[in-house]
Amino acid sequence: MNRPARHAKPAKAVIDIGSNTVRLVIYGGPPRAPIILLNEKVSARLGRDLGPDGGQMPDKAIEQALAALARFVLVIADYGVSDVQTVATAAVREAANGPALLREVAALGLEPRLLTGEEEARASAAGVIAAFPGAQGVVADLGGGSLELVAVEGGASHHGISLPLGTLRLPTLREKGDEKFRRTVHKAFEGAGWATAHAGPLYLVGGTWRAFAAYAMHEMDWPLSDPHAFALSVEDALKFVRKIARTEVTALAAISGISSLRAAALPDAAQMLAIMLAELKPDGLVFSSWGLREGLLYQQLGLEERANDPLLAAVIAFAAPRQGAVTEATRLAAWCSGAAHGEGPEAERLRLAVTILALALARVEPNLRTRQAVEWSLDKRWIGIDARGRAMLAAALLGACGKTEGPASLARLASVEDLREATGWGLATRLARRAGAAALPASLASALQLEDDRLVLVTTRERAPIAGESVTKDLTALAAWLGLEGAIEVR
């Protein structure tokens, strides 16, 4: 029987007392790529009655929030989680009865922390930095009570500010007319001149932005289902802003990935986005499913853990219970390097991820492998990989199943050259696994070498019997794919 992965048990929890929702998320998995084990929310809408000068959170909303928090306390205890962060944001920060609510939260046994606007912005930025290593641009986290803006580059953030432009406030602002709405948003952005001069895309964080991504993906018939890392040009984003303005809220809510709550907020948020794009002039848009909560977890990590690759951390954790051992995969990847055309760290990390998943895929029932190859690549949420990388992952895993053709949709995500290269990785991994190269003795006693126009499997005399019919067939297939002649030599 397979043992559970080392990081499978619940490890951390974050309670987010927001202006729109009160949410509990329990995480397991590796620290660098946490996995959501439980995600519960209650739409208390604490900030629904707050105006520009603050106000009071409604008693009914507070009762609903406290009831949810009392339940969350019990759930956390049932899961055995001791590392719990409880944070409150814009509504509690601005409401006159915010301190009283925090005292009641503390009475439940929690330790609430009221984030300043800058702290909230920097936590959201940390989530983007964690999800997109090397990110450079401006993070825009849209919540119910506020819009946080913060610049990111070089693994750090700066210039974090909070603007009173949350989804609960936008309807009132838009009731005053489009021109006044535009002037109000423009004035709010006067203190964010640094963002206009900051190179890079706009990283959009928050449920309403994800709903915008879901709409765009639906309209484009996008091959991927996860909005995380979905990218749009400014021109395309403005086109969808105009289309959303002409679409009924009920029609928006009928689209997969858009809840009724987000559908109601989407038209106003889309109009604000159009003004933001004119103000900030980003290079493009990138949607992030990681934000404040994941940023809080990332901020807890040491420098060494932060430096880990989130894609490889996630792949290793996912493959471990399926016997996709990283040590075996590393041997296979090294053995295949003679036939791998990818160059540079990006290609090597992706090829190692392919190899780990290919070993796990080999443990899946044969009739399910090709389906799983596509689903693991295109539908599972991976961090630290873009659409092109997902398509290459799919092509490679199909190659590891002996398939050299994948869904036609892959051509929308990556170039023909990229897909061909990745298929070669998969075919090489299939050959290596058949040749036993995952085992140390076999990896030392055989090699795959490019010699002029030949792809040669070299083996010792003692290992020669391994080159049976299946190995010969796989070698011939790989060599043909690379435009070479396959040969087996005993040396």
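How far apart in helix H6 are Glu 179 and Arg 182? They sit 3 residues apart in H6 (residues 178–188), so about one helical turn separates them. Before going on, a word on the model: it is predicted, so local features need pLDDT of at least 70 and side-chain atom pairs count only at pLDDT 80 or more, while totals for chains, interfaces and linings use all residues. Residues are numbered from 1 along each chain as its sequence is written, and side-chain values use heavy atoms, with hydrogens and water left out.

**Salt bridges**

Side chains of opposite charge can pair when their charged atoms come close. Here a salt bridge means a side-chain nitrogen of Lys or Arg within 4 Å of a carboxyl oxygen of Asp or Glu. By this rule the count comes to 25 salt bridges. Helices and strands are DSSP runs numbered from the N terminus (H or I with at least four residues for helices, E with at least two for strands). Here are three of the pairs:

| Pair | Closest N to O |
|---|---|
| Asp 268 and Arg 174 | 2.9 Å |
| Glu 179 and Arg 182 | 2.8 Å |
| Lys 239 and Asp 236 | 3.9 Å |

Asp 268 and Arg 174 meet in a salt bridge. That pair links distant parts of the chain, with Asp 268 in helix H11 (residues 260–280) and Arg 174 in helix H5 (residues 170–174), 94 residues apart. How covered are the partners? Buried means under 20% relative accessible area, exposed means over 50%, and partly exposed is in between (1.4 Å probe, protein chains only). Asp 268 is buried because its relative accessible area is 12%, whereas Arg 174, at 24%, is partly exposed.

Back in H6, Glu 179 is partly exposed at 43%, and Arg 182 is partly exposed at 38%. Lys 239 and Asp 236 are 3 residues apart in helix H9 (residues 234–245), so about one helical turn lies between them. Lys 239 has a relative accessible area of 37% and counts as partly exposed; Asp 236 is partly exposed too, at 28%. Elsewhere, salt bridges that share partners join Glu 451, Arg 454, Glu 489 and Arg 491 into one network.

**Helix H1 and its surroundings**

Why does the length of H1 agree with what a helix should span? The expected span of a helix is 1.5 Å times one less than its number of residues. For the 21 residues of H1 that should come to 30 Å, and the end C-alpha atoms are 30 Å apart, so the two agree.

Part of H1 is tucked away: Ala 61, Ile 62, Ala 65, Leu 66, Ala 68, Leu 69, Phe 72, Val 75 and Ile 76 are buried. What covers these buried residues includes strands S1 (12–17), S2 (22–28), S3 (35–42) and S4 (83–88), plus helix H3 (98–107), where contact means heavy atoms within 4.5 Å.

Tyr 79 lies in H1 (residues 59–79), and at 34% relative accessibility Tyr 79 counts as partly exposed. Together with Ile 35 and Leu 37, Tyr 79 forms a nonpolar patch on the surface, with about 240 Å² of accessible area. Patches are made of residues with over 30% relative accessible area and no salt bridge, where like charges are joined within 9 Å and nonpolar side chains (Val, Leu, Ile, Met, Phe, Trp, Tyr) within 5 Å. The areas come from the Shrake-Rupley method with a 1.4 Å probe, and for residues only the protein chains shown count as cover. After H1 comes Gly 80, whose phi is positive, near 75°.

Arg 45 sits in the loop between S3 and H1. Not counting residues up to four places away in sequence, Arg 45 touches Ser 19, Asn 20, Ala 61 and Leu 168.

**The nonpolar cores**

In soluble globular proteins, nonpolar side chains tend to be buried together. A nonpolar core is a set of buried Ala, Val, Leu, Ile, Met, Phe, Trp, Tyr and Cys residues joined through side-chain atoms within 4.5 Å. The largest one has 116 residues, and Leu 165, Phe 189, Trp 209, Phe 212 and Met 272 touch the most other members. Helix H16 (residues 344–361) gives the most to this core, with 11 residues. A second, separate core of 29 residues includes Ile 17, Val 22, Ala 65 and Val 105.
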